[in-house]
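Here are a few notes to help you find your way around. Have the viewer open and follow along point by point.

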Amino acid sequence: MKVTTIGTGYVGLVTGACLAEMGNHVVCLDVNAEKIRILNEGGIPIHEPGLDAVVKRNVEAGRLQFTTDVDAAVNHGTILFIAVGTPPGEDGSADLQYVLAAARSIGQRMTDYKVVVDKSTVPVGTADKVRAAIAEELARRDAKVGFAVVSNPEFLKEGAAIEDFMKPDRIVVGSDDEQATLMMRALYAPFTRSHDRLFVMDVRSAEFTKYAANAMLATRISFMNELALLAEKVGADIELVRRGIGSDPRIGYQFLYAGAGYGGSCFPKDVKALVRTGREHDQELKVLNAVEEANDRQKLVLVDKIVARFGEDLAGKRFALWGLAFKPNTDDMREAPSLVIIEELVKRGAAIAAYDPVAMSEASKMLAQVQGVSFCERAEHALADSDALVIVTEWKEFRTPDFDRIKSELKQPVVFDGRNLYEPALMSTLGIEHHAIGRGTRK
Ligand code: NAD
């Protein structure tokens, strides 16, 4: 099939590359000329494991192209995915300006039947707005061309996006158009060969499903983070509690970790947008309000622990900080807890020696205005002359570090373990002061 993705970011690029991998001919469009230049020169503008090989293979096979030419892109695909950003607006609602601009650009140019697919995460009712925007543009130039708008929210996880797209848990298609549904089924058939995982539903339910999924996941995180705060006060270990409850299949082990708060380009904005949708419909979402509030507080938990240990005035103190990305295996820094933590520490006079395997370039752009942050080429380089080590992201390479080196290079052996990577008993044996989340402090 001929497919176009409008938006070539984490979702658009992965979608385009994986659809090309199954034999489709895909054009990926973006307004960001720099992104398209990098892709056309054989580079990948984001860090996503395995993506480069899929892109390279399909570009070489002539099935995957990148362009800034809107005309060519719109006319190429019969199926047009809108995969542009939907950042939070000032009131927390999803900002639809990029989605509607994409819809208008389709309406201004299409000359034959199109299935327009909302892949971006968009509030209930957006498909109607996309349909109206396209229809308005068609009417403006008096063009009589058929089209359908369907919702197909994306559930991939950054860091495992290729795997998620190629072997999805489910594919949700919201459609009230028979022909469009058949085309979506055909497009996704190669991804659901072992058993059918494509759920066709009405458009509004599909749009809602994406928010419901992210809201549920965010809720699990905030719930565990809140229990971790209490665990510390009552002398329980949240890691043991996690194992104790995760063994119940109704609860399950996944997404049950206490930590330094959730971040990223999805959970914070999607929770906000759903809360906002609730307000618009006079339906206050009390649980989700609390989820957000608990997360804002959790992003400061490591700072509170550092202040409790070193005092409110951190002038002259330096902290080694491992992990900047909002989670491992990505360079995505959007809403990363590390940004809040660094800002708070710097505000109190501290200097930061930061390290992340892939996110330092993104982080340095976002922290350009923040004084006192230096970036280290290797994790160990951050340790020398630092007063403590602060772990914010659970990259694999931090799981079994050289503890002797940590101990000898830090001014004093103090570790703030924001992702509960290390066993308190081991830290105690090694003589490292260990501040974890919901596990008490071992000196
Ligand atoms: P992104 O910021 O990485 O990419 C969006 C791209 O769209 C950018 O490159 C931007 O330049 C481009 N763009 C904006 N307007 C355009 C236009 N009119 N024409 C062409 N290109 C345009 O965003 P993302 O992370 O890929 O997210 C896209 C959507 O998918 C969002 O709604 C997000 O919530 C949703 N989503 C994201 C993830 C994720 O893990 N990143 C997962 C599921 C769903």
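**Notes on one helix and one strand**

1. A word before we start: this is a predicted model. My notes cover helix α1 and strand β9, with their neighbours.

2. Begin with helix α1, residues 10-21. Its 12 residues should span 16 Å at 1.5 Å a residue, and the end C-alpha atoms are 17 Å apart, which agrees. Just after the helix comes G23, whose phi is positive, near 105 degrees.

3. Is α1 mostly covered or mostly uncovered? Mostly covered: 12 of its 12 residues are buried. Among them are Y10, C18 and E21.

4. What do those buried residues pack against? The list includes four strands' worth of places to click through: β1 (2-6), β2 (25-29), β3 (64-67) and β4 (79-82). Helices α3 (51-60) and α7 (161-166) are packing partners of α1 too.

5. Now move along to strand β9, residues 318-322. Five of the five residues are buried, so the strand is largely enclosed by the rest of the structure. The cover is on both faces: R318, A320 and W322 lie on one side, F319 and L321 on the other.

6. Which strands pair with β9? One is β10 (residues 351-355), joined in the parallel sense over five bridges; here R318 has A351 as its bridge partner. Another is β12 (residues 388-391), also parallel to β9, with four bridges; in that pairing L321 stands opposite V390.

7. Finally, trace the path from β9 through helix α14 (residues 337-347) to β10: together they form a right-handed β-α-β unit.

Technical notes: Residues are numbered from 1 along each chain as its sequence is written. This is a predicted model: local features need pLDDT of at least 70, side-chain atom pairs count only at pLDDT 80 or more; totals for chains, interfaces and linings use all residues. Helices (H or I, at least four residues) and strands (E, at least two) are DSSP runs, numbered from the N terminus. The expected span of a helix is 1.5 Å times one less than its number of residues. A residue is buried if 20 or more other C-beta atoms lie within 10 Å of its own, exposed if 12 or fewer, and partly exposed in between; C-beta atoms are placed from the backbone. Two residues are in contact if their C-beta atoms, placed from the backbone, lie within 7 Å. Two strands pair if DSSP finds at least two bridges between them. A crossover is right-handed if, with the strands pointing away from the viewer, the path from the first strand over the helix to the second runs clockwise.
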